[in-house]
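Grab a pencil and work through these exercises with the structure open beside you. Try each task on your own before you read the solution.

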Amino acid sequence: MAKYQIAWIPGDGIGVDVMDAARIVLDALKLDAEYVPADIGWEFWCKEGEALPERTVKILRECTCGLFGAITSKPKDEAAKELAPELQDKGFSYRSPIVRLRQIFDLYTNLRPCKAFPGNPLNYKEDIDLVVFRENTEGLYSGVEFHPLPDEVRSALVDFSPAMSRFDSIPASEIAVSLRVITKTGAERIVRQAFEYARKFGYPTVTLVEKPNVLRETSGLMTRQAREIAVDYADIELWETNIDAQMMWLLKNPTDYGVLVTSNMFGDILSDLAAQLVGGLGFASSGNIGDSFAVFEPTHGSAPKYAGQYKVNPTAMLLAVKLMLDWLGESGMAENLEQAIRKVIAAGEIRTYDMGGSNSTLDVANAIVAQL
Ligand code: IPM
Ligand code: MG
């Protein structure tokens, strides 16, 4: 039996293209792994009313970790329209399968490194080296949402303070609520991961990006926990910023920052900006990491219009493979892969369209293999 069982979850759209690139590289690295295919994505939503079939969750439970491509996700009503006719109006409701995977497997750390590789014409500035730690299971992604508004939720709103009596007369169908849930444990564990990473890799600061002046309770809890944890890391400075100002400062002074830690939704937004600073989503990888299981993925979506054209940049996917190798403890292979990616970017000969080139997804993978 192979040393690792890796759930192979391409999903749909260009998820398939970039996973093919990942396979070329993994085969060249000779990772001692068995790749176990698992269904996920839009096709299964349309055919089965379930984008994340139970059989996939079962496969994942038996694997060492998962490697995931991308999936199309659409708002609830648009998703419902695309269900097979026999599944229409049967109460199926679309929820993003990757968000669910993060919750089912308690993959509470979303690690998103954004490094400017020398020679990438898309870098906003050289020397950018940002690592976003995004809390991955709660916050505005808790999944606790209401529409139409149930009576008991309305009562809770109206009773909250006299100013809330304005919600009293709004029809239930005309008001929706999404709940931002932060727990002490959730805050603690993501902040601790950020500090541990900063210490391990020598970052002098950890920046907590929240909005405690307005979100007094949820961001307030994050801030209190961060201050408490920072005491254990005397060698690392805790900076506290507000999400809005941080977006501006990242554009202005991106090299001032290193490790950034934040809640789920802010991390979603912040990590797209950080990705753009180092060349866009084609360069942004993610690790969804829990205590004993993890799923690695590129941060980009499924870009259906490019599906199957082998046109998109596989670098984000290959950097996700690098994160996976690190997590598996295969640090030699991880380092080797990152160096090979660096060399290909620096040489500038093989480039996909986003970098101004005309090479294919698989050309890039093969060029990286040649450098391994
Ligand atoms: C990401 C993506 C997902 C998210 C989508 C596809 C649900 O934007 O991984 O950043 O919002 O987390
Ligand atoms: Mg996102």
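## Exercise 1: A residue with an unusual phi

Lys 30 sits in the loop that runs between α1 and β2 (33-37). Keep in mind that you're looking at a predicted model.

Task: Find out whether Lys 30 is buried or exposed, and work out what sign its phi has.

Solution.
- Step 1. Start with the surface: the relative accessible area of Lys 30 is 66%.
- Step 2. The cut-off for exposed is over 50%. At 66%, Lys 30 is therefore exposed.
- Step 3. Now the backbone. Most residues other than glycine have a negative phi.
- Step 4. Lys 30 isn't a glycine, yet its phi is positive, at about 55°.

## Exercise 2: Two helices that cross

Task: At what angle do the axes of α1 and α11 cross, and what is the handedness of the crossing?

Solution.
- Step 1. Two packed helices are described by the angle between their axes and the distance between the axes.
- Step 2. Take helix α1 (residues 14-29) and helix α11 (residues 315-328): their axes cross at roughly 45° and come within 9 Å.
- Step 3. Roughly parallel needs an angle under 35 degrees, and roughly perpendicular runs from 65 to 115. The pair fits neither, so α1 is oblique to α11.
- Step 4. The handedness of the α1 and α11 crossing is right-handed.
- Step 5. Who makes the contact? From α1 come Val 18, Met 19, Ala 21, Ala 22, Val 25, Leu 26 and Leu 29, and from α11 come Met 317, Leu 318, Val 321, Met 324 and Leu 325.
- Step 6. Sort the contact of α1 with α11 by class and you get 12 nonpolar residues, with no polar and no charged ones.

## Exercise 3: The next helix along

Task: Describe how α11 packs with helix α12 (residues 331-347).

Solution.
- Step 1. The axes of α11 and α12 are 7 Å apart, and the angle is about 160°.
- Step 2. Angles over 145 degrees count as roughly antiparallel, so α11 is roughly antiparallel to α12.
- Step 3. α11 passes α12 in a left-handed crossing.
- Step 4. On the α11 side, the residues that meet α12 include Thr 315, Lys 322 and Asp 326. On the α12 side, Ser 331, Glu 338 and Ile 345 are among them.
- Step 5. By class, the α11 and α12 contact has nine nonpolar, two polar and three charged residues.

## Exercise 4: Three residues in one loop

Task: Asn 120, Lys 125 and Asp 127 share the loop between β4 (109-115) and β5 (129-135). Is each one buried, partly exposed or exposed?

Solution.
- Step 1. Asn 120 has a relative accessible area of 3%, so it's buried. Its side chain reaches the backbone nitrogen of Leu 122 at 2.9 Å.
- Step 2. Look further along the chain: Asn 120 also touches Val 278, Gly 279, Phe 283, Ile 345 and Met 355.
- Step 3. Lys 125 comes out at 35% relative accessibility, so it's partly exposed. Its side chain reaches the backbone oxygen of Lys 252 at 3.3 Å.
- Step 4. Lys 125 and Leu 277 are 152 residues apart along the chain, but their C-alpha atoms are separated by 7.2 Å.
- Step 5. Asp 127 reaches 66%, so it counts as exposed. Asp 127 also has a positive phi, about 65°, although it isn't a glycine.

## Exercise 5: Around Arg 180

Task: What is the length of the polar contact that joins the side chains of Ser 219 and Arg 180? Where does Leu 215 lie?

Solution.
- Step 1. Find Ser 219 in helix α8 (residues 218-230). With a relative accessible area of 0%, Ser 219 is buried.
- Step 2. The polar contact between the side chains of Ser 219 and Arg 180 is 3.4 Å long.
- Step 3. Leu 215 lies in the loop between β8 (205-210) and α8. Leu 215 is partly exposed, at 28%.
- Step 4. Beyond its neighbours up to four places away in sequence, Leu 215 touches Arg 180, Gly 220 and Phe 266. Ser 219 is in contact with Arg 180 and Phe 266, among others.

## Exercise 6: A peptide bond to check

Task: Is the peptide bond from His 147 to Pro 148 cis or trans?

Solution.
- Step 1. Pro 148 is in the loop between β6 (145-146) and α6 (151-160).
- Step 2. Most peptide bonds are trans.
- Step 3. From His 147 to Pro 148, omega is near -5° and the bond is cis.

Terms used
Residues numbered from 1 in each chain as written. Chains lettered and ligands numbered in written order. Predicted model: local features only at pLDDT ≥ 70, side-chain atom pairs only at ≥ 80, totals over all residues. Heavy atoms only, no water. Axes fitted to C-alpha atoms, helices over the stretch in contact; angles between N-to-C directions. Helix = DSSP H or I, 4+ residues; strand = E, 2+ residues; numbered from the N terminus. Left-handed = near helix turned anticlockwise from the far one by under 90°. Contact = heavy atoms within 4.5 Å. Nonpolar A, V, L, I, M, F, W, Y, C, P; charged D, E, K, R; others polar. Buried < 20%, exposed > 50% of the residue type's maximum accessible area, 1.4 Å probe, protein only. Polar contact = N/O pair within 3.5 Å; in protein donor to acceptor, adjacent residues only side chain to side chain.
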